[in-house]
Structures are given as C-alpha cells and as structure tokens.
Amino acid sequence: MAAAAMFLRPSARAALAGVWLSVWLFGAAAPATADPLPVFEVAPGVFVHAGRHEETDATNAGDIANCGFIVGDDAVAVIDSGGSPIVGHRLREAIRVHTDRPIRYVVNTHMHPDHILGNMAFLSDRPDFVAHGNLQAALAARGEHYRQAFDAAVGSAAAAEVRIIPPTLVVADRLELDLGGRVLDLAAWPAAHTDNDLTVLDRQTKTLWAGDLLFMERAPAIDGSVLGWLRTLDALAAVPAARVVPGHGPPSSPWPDAAGDLRRYLSRVVEGVRKVQAAHGTIQQAVETVADDEAPRWRLFESYNPRNVTAAFAELEWE
C-alpha cells in the first residue's frame, strides 16, 4: 500500500480549536485529584493498562478496555484514552508518574466509546488526535448514541462531561509518527472489527497495538465484517512483532500466537452460519446454535455471541 495520510481540513481544525477554547473557559471537568491508572511496562517505554472484562457501569466508569502510552526521547503517544473522561484523566496521571515529556499524539484505534471517551482529558496538552480516515464519519453517525448510552450506564452527571473529540490527523493507509528516537508505524485496515480499525507498531520494541482487532478472554464484537476480520488477521500475522497489546485481554501476549482463539471463534461463526443458511434455516436458529460450544472460553459470551451471529448472518446471506 502506498503511504498516505492527511491533516483534516481547516474547518475541522477550527472546530477542535473551539473545543479547546470551551475547555479553557469552562474547565475540562478534570477531578481535583485523580489516582493514576495502574500500568504494566510490557517493553521498555511501552506502558499498558488492562481494562476490566465488564460492561460500562457507574462502578467501573468505562474502564473496560486496554489503553496506554509509549514514551520517546522527545514526546509521548497515547494509544486509546479509555472509556470515560475520568479514565482519561487517570491515564494522564499515570503518564506523569513516568515522564514529563509532552503528550504529542492521542491515537484512537477505532470508534468505540470504551477506547475514545477519555480523549477530552488530553485537550490541555493540545496533541494531534490520530485515527483511521473513516473514524470521523463513524463518530458523526454514532456520537450522540454513545453519549446517551454512557448516560444510561453511568449517570447523567458523568455523561455531561463527555465530549466527542474529532481527529485532527487521519490515516488513509499508513503513517509514521516520530517520538524522538522511536518511530511508530500506523496502519489503517479495511472493514474488520469496525470499518475504522487502526494498528500501531512500535519499531523499537516490536510491540503491536492491535486495538479491538484482537480480543483475548472477552468475547469479541463484530461491528464491521467477519470475513474482513479474518482476512485482516491473516495480514497481521505477517507483521514482525514480538508481542501484541490486545484491545481487551492481558496487557500483552506473544504474537502471532495470541490471535489463535479469536481466529478459531470467528471461523466457527462463519462455518456455523453457512451451515444454517445452506439448510435454509432461520436467523433465530443460527443465534440459538452457532458457536454455542465456545461459551466456556469467553467472558460476556451470552451478551455478544447472539449479536455476532446476527451480524454474520446478514453479511453471509449475500455471498
């Protein structure tokens, strides 16, 4: 793929400047003090916080996905900011425990709220918010729904603090970010988990941040294309990484072995749905039977497998 990335139009920059001004005038809703998120240094200068295997609620405040940061000689890159402003503030405090270098980039691996709602905690740093070229349109379509869902799960007071921060730097294909003595390779992928998945490879330590292209332990969610996801896993297997940071699961795991369970599950969904369709079965029959023996291997399976089978059924019936 040819290297290609672009800055947003001046109008989008102006919109974000308005958000910065609003934060300056009215405050960023930052807590007086925030306990730093616990982080693991999975490789030199690479720090990961492991989110809980739960749905967002008032107790966890959206701390349900992995997030973290990479420290270079000159600057810091945040990789996903967490599922609420408070998680973002706590992540920022964790960064300041380890370094006072400027936070130059906040990279969002995709659009889902458990990975992006912490963005506003970093507005005062004036970083570039980096994302897949499709992310802005996805947020425009779903941003208000995300706010309402967060309100319902956590409460209106917390939801009032949430701002959807648009990207200022988008990746159409590939992009390099230089943190000073440390280069990050960003890659935008075709529809898979979503239609706006972005990965980050730290060249120095060969650490791959896969976002939700990799679920471990917690049941995955198909919000793009199950066939595209399997193709993307094939392509990612060739990435020369020593370890991977999943979007959900342990802080890191050896690559590419870490993708084995996810690949098996997605393949089982595809095979099972095709079998039901070949027998002229209904979508309800598929939901009740496909991949049901995977249940013991995944947290939150009962919440996500029916949705995944439904999504796969709709995709595969048009093959």
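Start by selecting helix α6, residues 226–236, together with α9: the two pack at an angle of about 95°, and their axes are 9 Å apart. Angles from 65 to 115 degrees count as roughly perpendicular, so that is the label for α6 and α9. Keep in mind as you click around that this is a predicted model.

Now show side chains where the two helices meet. On the α6 side, pick Val 226, Leu 227 and Gly 228; on the α9 side, pick Ala 312, Glu 315 and Leu 316. Colour that contact by class and you get four nonpolar residues, one polar and one charged.

**Along α9 to an aromatic pair**

Stay on α9 and select Phe 301, then add Tyr 265, which sits in helix α7 (residues 260–278). What kind of pair do the rings of Tyr 265 and Phe 301 make? Their centres are 6.3 Å apart and their planes meet at 80°, so it's edge-to-face. Since one ring belongs to α7 and the other to α9, the pair ties together parts that are 36 residues apart in sequence. If you'd like to hunt for others, the whole structure holds four aromatic pairs.

**The largest pocket**

Next, select Glu 55, His 112, Pro 113, Tyr 304 and Arg 307. Of the 27 residues that line the largest pocket, these lie nearest its centre. The space in there comes to about 710 Å³. Helix α9 turns up again here: α3 (113–116), α4 (135–154), β12 (207–215) and α9 (301–316) are the elements that give two or more residues to the lining. Which element gives the most to this lining? That's α4, with six residues. Switch to colouring by class and the lining of this pocket splits into 13 nonpolar, seven polar and seven charged residues.

**The largest cavity**

Keep β12 selected and add β13 (243–248), because your next stop is the largest cavity, and each of these strands supplies at least two residues of its lining. To see the wall, show Asn 66, Ile 79, Asp 80, Thr 109, Trp 209, Ala 210, Gly 211, Val 245, Pro 246 and Gly 247. The volume is about 50 Å³. How many cavities of 30 Å³ or more does a search of the whole structure find? The count is one. By class, the lining of the largest cavity has five nonpolar, four polar and one charged residues.

**The second largest pocket**

Move to three strands: β9 (174–178), β10 (183–188) and β11 (198–202). Each of them supplies at least two residues to the lining of the second largest pocket. Centre the view on Arg 174, Leu 175, Asp 185, Leu 186 and Ala 187, which lie nearest the pocket's centre among its 15 lining residues. About 190 Å³ of space lies here. The class colouring for this lining gives 11 nonpolar residues, one polar and three charged.

**Last stop: Gln 204**

From β11, follow the chain into the loop that leads to β12, and select Gln 204 there. Which residues does Gln 204 touch, leaving aside those up to four places away in sequence? Show Gly 181 and Arg 182, and you have them. To finish, draw a distance from the C-alpha of Gln 204 to that of Gly 72: the two are 10.0 Å apart in space, yet 132 residues apart in sequence.

Terms used: Residues numbered from 1 in each chain as written. Predicted model: local features only at pLDDT ≥ 70, side-chain atom pairs only at ≥ 80, totals over all residues. Heavy atoms only, no water. 1 Å grid on protein atoms, 1.4 Å probe; cavity = no way out; pocket = protein on both sides within 12 Å on 5 of 7 lines; lining within 4 Å. Points joined across faces, edges and corners; volume = space filled by probe spheres on them. Helix = DSSP H or I, 4+ residues; strand = E, 2+ residues; numbered from the N terminus. Nonpolar A, V, L, I, M, F, W, Y, C, P; charged D, E, K, R; others polar. Axes fitted to C-alpha atoms, helices over the stretch in contact; angles between N-to-C directions. Parallel < 35°, antiparallel > 145°, perpendicular 65-115°, else oblique. Contact = heavy atoms within 4.5 Å. Phe/Tyr/Trp six-rings, centres within 6.5 Å; stacked < 30°, edge-to-face > 60°.
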